[in-house]
Amino acid sequence: MTSPIRPTDDDARALARQLVQTARFGALAVTDPETGAPMVSRIAVVPGPDGMPLSLVSDLAFHTKALMANPVCSLLVGEPGPKGDPLTHPRLSLRAEARFVRHGDPDHAALAAHYLRMQPKAKLYIGFTDFSLLRLDILGAHLNGGFGKAFVLSAGDLGT
């Protein structure tokens, strides 16, 4: 059987970067530390200063507790357009390792200001002590650019 994965090219890299840059939310997949089962949560995201996803999470959230136990996760970004089959629209699944940036950490203030420029409503809770910024260190990705357009990307393909 022929592989459905196409050779990664500059168009695929550009589309993947665009999906990260335009995402304002995504589906975060984590592993439940008690059962080992996968669990998915919707989270708000912005592209960080390095171009990679940045989020704000509460210590009270299930996904935060799961990431503290096992920082390996996945984030799906890309939404269907207003017309057509949802499966024909591009989406990117990022494999990542989560890294928490807590209040008082050296780069927290700059990252918080950056986050608020793109998610201004977070001003209501970004200062709460149970909230941390969440950086996702990308390990690799799978891009579905639409029907018959599948690619495997490395962290380097995304510019990390």
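Two strands count as paired here if DSSP finds at least two bridges between them. Keep that in mind as we walk through this model, which is predicted, with strand 6 as our guide.

Strand 6 covers residues 131-144, and ten of its 14 residues are buried, so the rest of the structure largely encloses it. Who are its neighbours? Start with strand 3, residues 53-58: this one runs antiparallel to strand 6, and five bridges link the two. If you want a spot to click on, try Val57, which sits opposite Ser132 of strand 6.

Next comes strand 5, residues 91-101, also antiparallel to strand 6, with eleven bridges in the pairing. Here Ala96 has Ile138 of strand 6 as its bridge partner. While you're looking at these strands, remember a general point: along a regular strand, side chains alternate between the two faces of the sheet.

Then there's strand 7, residues 150-154, which pairs with strand 6 in the antiparallel sense over five bridges. Gly140 is bridged to Ser154 in strand 7. Strands 6 and 7 form a hairpin with five residues between them, and in that hairpin Gly146 takes a positive phi near 125 degrees.

Now step back along the chain to the loop between helix 3 (108-118) and strand 6, where you'll find Leu124. Is Leu124 buried or exposed? Its relative accessible area is 69%, and the cut-off for exposed is over 50%, so Leu124 is exposed. Together with Tyr125 and Phe128, Leu124 makes a nonpolar surface patch of about 330 Å².

Conventions: Residues numbered from 1 in each chain as written. Predicted model: local features only at pLDDT ≥ 70, side-chain atom pairs only at ≥ 80, totals over all residues. Heavy atoms only, no water. Buried < 20%, exposed > 50% of the residue type's maximum accessible area, 1.4 Å probe, protein only. Helix = DSSP H or I, 4+ residues; strand = E, 2+ residues; numbered from the N terminus. Patch = residues over 30% accessible without salt bridge, like charges linked within 9 Å, V, L, I, M, F, W, Y side chains within 5 Å. Areas by Shrake-Rupley, 256 points an atom, 1.4 Å probe, with all protein chains shown as cover. Salt bridge = Lys/Arg side-chain N within 4 Å of Asp/Glu carboxyl O.
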